[in-house]
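Here is a short tour for anyone meeting this protein for the first time. Have a look at the sequence and the model, then read on.

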Amino acid sequence: MTQQTFPALEPKWHRVSPKYAVSDLIINVVMSFFPLVGVIIVSLTNNGDVPLWLTLGLWALVVFFLVNSLFAFRRVKAIGYILREDDLLFRRGIMFERVVAVPYGRLQLVDITRGPLLRALGLSTLKFVTASAATGVQLPGLTASDAEALRDRLVELAESRRSGL
């Protein structure tokens, strides 16, 4: 697998890996599994008699997670970033789009995290820490090589911008 190098500064939206949608789907399946287990436990403790409200609640949760799963691929497609001359522009969201510009000179820490599920898929999350507490930016779903290359590039840009302050 070749390591991708990022061009100097190009005004093009970079997308995260489509495999990140698989992670989102797995989380949805796991989250819908817990209510089902709860209904089974209640059913066993009540001699097979499940209250109507619990049955309706379970079906509502199942429908919610199915609809949420249908949007997983669209949500992942909406995540992107641009390396601009003075800042990193990050966006995410379908209905409520969030666009954040993180100036390179304000970057204090660029962190890569890999949980067990993302690690199994070969993905990483890049986290940016700035002086502002409101600028908590996380860029999920990057391949491991892309995350490392982007981290190195951002650290390089941050150091050059801070030295000019």
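## Sorting the residues

A quick word on terms before we start: Ala, Val, Leu, Ile, Met, Phe, Trp, Tyr, Cys and Pro count as nonpolar, Asp, Glu, Lys and Arg count as charged, and the others, Gly among them, count as polar. With that sorting, the residues lining the largest pocket come out as nine nonpolar, three polar and three charged.

## The overall layout

Keep in mind that this is a predicted model. The protein has five helices and seven strands. Walk along the sequence and you meet them in the pattern β-α-α-α-β-β-β-β-α-β-β-α. Of the 165 residues in the protein, 35% are buried.

## The largest pocket

Back to that pocket. The space in the largest pocket comes to about 350 Å³. It has 15 lining residues, and the closest to its centre are Tyr20, Asp24, Arg75, Ile79 and Arg92.

Which helices each supply at least two residues of the lining? They are helix H1 (19-45), helix H3 (72-77) and helix H4 (116-120). H1 gives the most, with four residues.

## The four-stranded sheet

Now for the strands. One open sheet has four of them, in the order S1-S2-S3-S4, and the pairing is antiparallel. At its edges sit strand S1 (14-15) and strand S4 (98-103), each pairing on one side only. S2 and S3 run antiparallel and are joined by four bridges. Glycine 80, for instance, stands opposite arginine 91 in S3.

Strand S2 (residues 80-83) also holds tyrosine 81. Is tyrosine 81 buried or exposed? Its relative accessibility is 2%, so tyrosine 81 counts as buried. Tyrosine 81 and arginine 91 are ten residues apart along the chain, and their C-alpha atoms are separated by 6.2 Å.

Over in strand S3 (residues 87-92) you'll find phenylalanine 90. This one is buried because its relative accessible area is 2%, and buried means under 20%. Follow the chain for 48 residues from phenylalanine 90 and you arrive at glutamine 138; the C-alpha atoms of these two are separated by 9.0 Å.

## The three-stranded sheet

There is also an open sheet of three strands, ordered S5-S6-S7, again with antiparallel pairing. Why is one side of strand S5 (107-113) and of strand S7 (137-143) left without a neighbour in the sheet? Both stand at the edges and each has a single partner strand, so there is no neighbour on one side. Ignoring direction, neighbouring strands of this sheet are turned by 20 degrees against each other on average.

Strand S6 (residues 123-130) pairs with S7 in the antiparallel sense, over five bridges. Take serine 124 as an example: its bridge partner in S7 is leucine 142.

## A closer look at threonine 143

Strand S7 is home to threonine 143 as well. With a relative accessible area of 18%, threonine 143 is buried, because the cut-off for buried is under 20%. Which side chain does the side chain of threonine 143 make a polar contact with? The partner is the side chain of aspartate 146, at 3.1 Å.

Key. Residues numbered from 1 in each chain as written. Predicted model: local features only at pLDDT ≥ 70, side-chain atom pairs only at ≥ 80, totals over all residues. Heavy atoms only, no water. 1 Å grid on protein atoms, 1.4 Å probe; cavity = no way out; pocket = protein on both sides within 12 Å on 5 of 7 lines; lining within 4 Å. Points joined across faces, edges and corners; volume = space filled by probe spheres on them. Pairing = 2+ DSSP bridges. Axes fitted to C-alpha atoms, helices over the stretch in contact; angles between N-to-C directions. Buried < 20%, exposed > 50% of the residue type's maximum accessible area, 1.4 Å probe, protein only. Polar contact = N/O pair within 3.5 Å; in protein donor to acceptor, adjacent residues only side chain to side chain.
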